[in-house]
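Visitor: I would like to learn how to read a model such as this one, feature by feature. Could you show me the structure, and then take my questions in turn?

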Amino acid sequence: MAAWYDRTMAETEAAGLRAWRADLLGGLSGEVLEIGAGTGLNLEHYPDTVIRLVLSEPDRHMRAKLEPKVAARSAPFPVELTGAGVDPLPHPDETFDAVVSTLVLCSVPDHEAALVELHRVLRPGGRLVYLEHVAAYENPKRHKWQRRIEPLWKRWAGNCHLTRTTDQAIPAAGFELVEARRESMRKSPAFVRVTVRGHAVKPV
């Protein structure tokens with residue numbers, strides 16, 4: 001998957017996904033954790049107000065693509081790269097001011113357990129910034145096709161689930177939604193086109 005990921009995503013990035021990333025990450029500050037950092041498509045969007053960035057990517061093939069990008073970046077803040085997974089995260093409680101999750105909760109073994117871990121490592125008042133594709137439950141025909149395709153798609157696309165309701169799982173994990181947008185991800189396959197994005201906070 002790592003071999004073709006950037007090339008496959010290029011048209012979608014140009015059609016608006018890159019702008020979504022910039023908008024989501026532009027206001028971050030303090031100590032930040034990004035889970036499932038992949039090939040590093042978020043790297044260019046982190047602002048100078050970040051003082052520490054931890055990139056977590058358990059897939060060794062993705063890390064092989066990510067490592068040279070981290071090495072080449074002249075960031076004014078330290079960037080750490082780890083191979084840790086999300087369940088559990090190897091960080092103490094209340095470590096980070098923000099956690100970033102972009103197109104990753106679809107593929108973790110248990111997205112509800114992962115969100116509980118993200119809640120744990122955030123400081124009170126900390127932000128969860130997210131961009132995820134979700135079940136198209138507002139479109140029964142598309143949702144039906146998602147359910148049909150999902151078993152094969154998971155095998156081909158690194159355990160990517162098509163029918164997760166991450167928009168519902170975020171508040172269920174204890175987060176307070178601050179901003180939530182549901183929109184079509186242009187130039188992507190119809191069965192992954194419905195996305196949710198925004199940010200939520202861990203209550204003080």
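Visitor: How far apart are the end C-alpha atoms of helix H2, and what should its 13 residues span?

Guide: Please keep in mind that this is a predicted model. A helix is expected to advance 1.5 Å a residue, so the 13 residues of H2 (residues 60–72) should span 18 Å, and the end C-alpha atoms are 19 Å apart, which agrees. The helix nevertheless bends by about 30° at Leu-66, and a proline, Pro-68, follows within four residues. Leu-66 is also one of the buried residues of H2, together with Met-62 and Val-70.

Visitor: Which residue caps the N-terminal end of H2?

Guide: That residue is Asp-59, from which a side-chain oxygen lies 2.9 Å from the backbone nitrogen of His-61.

Visitor: What do the span and the kink look like in helix H4?

Guide: For the 17 residues of H4 (residues 140–156), the expected span at 1.5 Å a residue is 24 Å, and the end C-alpha atoms are 24 Å apart, which agrees. H4 also has a kink of about 55° at Glu-150, shortly before the proline Pro-151. Glu-150 is among the buried residues of H4, the others being His-143, Gln-146 and Trp-153. After the helix comes Gly-158, with a positive phi near 65°.

Visitor: Which residues other than glycine have a positive phi, and where do they lie?

Guide: The general idea is that most residues other than glycine have a negative phi, and most peptide bonds are trans. Here, Asn-159 has a positive phi of about 70°; this residue is in the loop between H4 and H5, and is partly exposed at 28% relative accessible area. Lys-187, with phi near 60°, lies in the loop between strand S6 (176–184) and S7.

Visitor: Where is there a cis peptide bond?

Guide: The bond from Asp-87 to Pro-88 is cis, with omega near 5°, and Pro-88 is placed in the loop between S3 and S4. That loop, which follows strand S3 (79–82), also holds Thr-95. Thr-95 is buried at a relative accessible area of 12%, and its side chain reaches the backbone oxygen of Pro-92 at 2.6 Å. Leaving aside residues up to four places away in sequence, Thr-95 touches Glu-31, Arg-52, Val-121 and Arg-123.

Visitor: How many disulfides does a search of the whole structure find?

Guide: A disulfide is a covalent bond between the sulfur atoms of two cysteines. The search finds 0 disulfides. Cys-106 is in none, and the nearest cysteine sulfur, that of Cys-160, is 3.7 Å away, whereas the cut-off for a disulfide is 2.5 Å. Both cysteines are buried, Cys-106 with a relative accessible area of 6% and Cys-160 at 7%.

Visitor: How many residues does the largest nonpolar core have, and which of them have the most contacts inside it?

Guide: It has 26 residues, and those with the most contacts inside it are Leu-33, Ile-35, Val-99, Leu-115, Leu-118, Leu-128 and Phe-175. Among the elements that give two or more residues to this core are strand S1 (30–35), strand S4 (96–102) and helix H3 (111–121), and H3 gives the most, with 4 residues. Apart from this core lies another, of 24 residues, including Tyr-5, Leu-17, Phe-77 and Leu-131.

How values were computed: Residues are numbered from 1 along each chain as its sequence is written. This is a predicted model: local features need pLDDT of at least 70, side-chain atom pairs count only at pLDDT 80 or more; totals for chains, interfaces and linings use all residues. Side-chain values use heavy atoms; hydrogens and water are left out. The expected span of a helix is 1.5 Å times one less than its number of residues. The bend at a residue is the angle between axes fitted to the seven residues ending there and the seven starting there. Buried means under 20% relative accessible area, exposed over 50%, partly exposed in between (1.4 Å probe, protein chains only). A polar contact is a pair of N or O atoms within 3.5 Å; within protein, one must be able to donate a hydrogen and the other to accept it, and residues adjacent in sequence count only if both atoms are side-chain atoms. A nonpolar core is a set of buried Ala, Val, Leu, Ile, Met, Phe, Trp, Tyr and Cys residues joined through side-chain atoms within 4.5 Å. Contact means heavy atoms within 4.5 Å.
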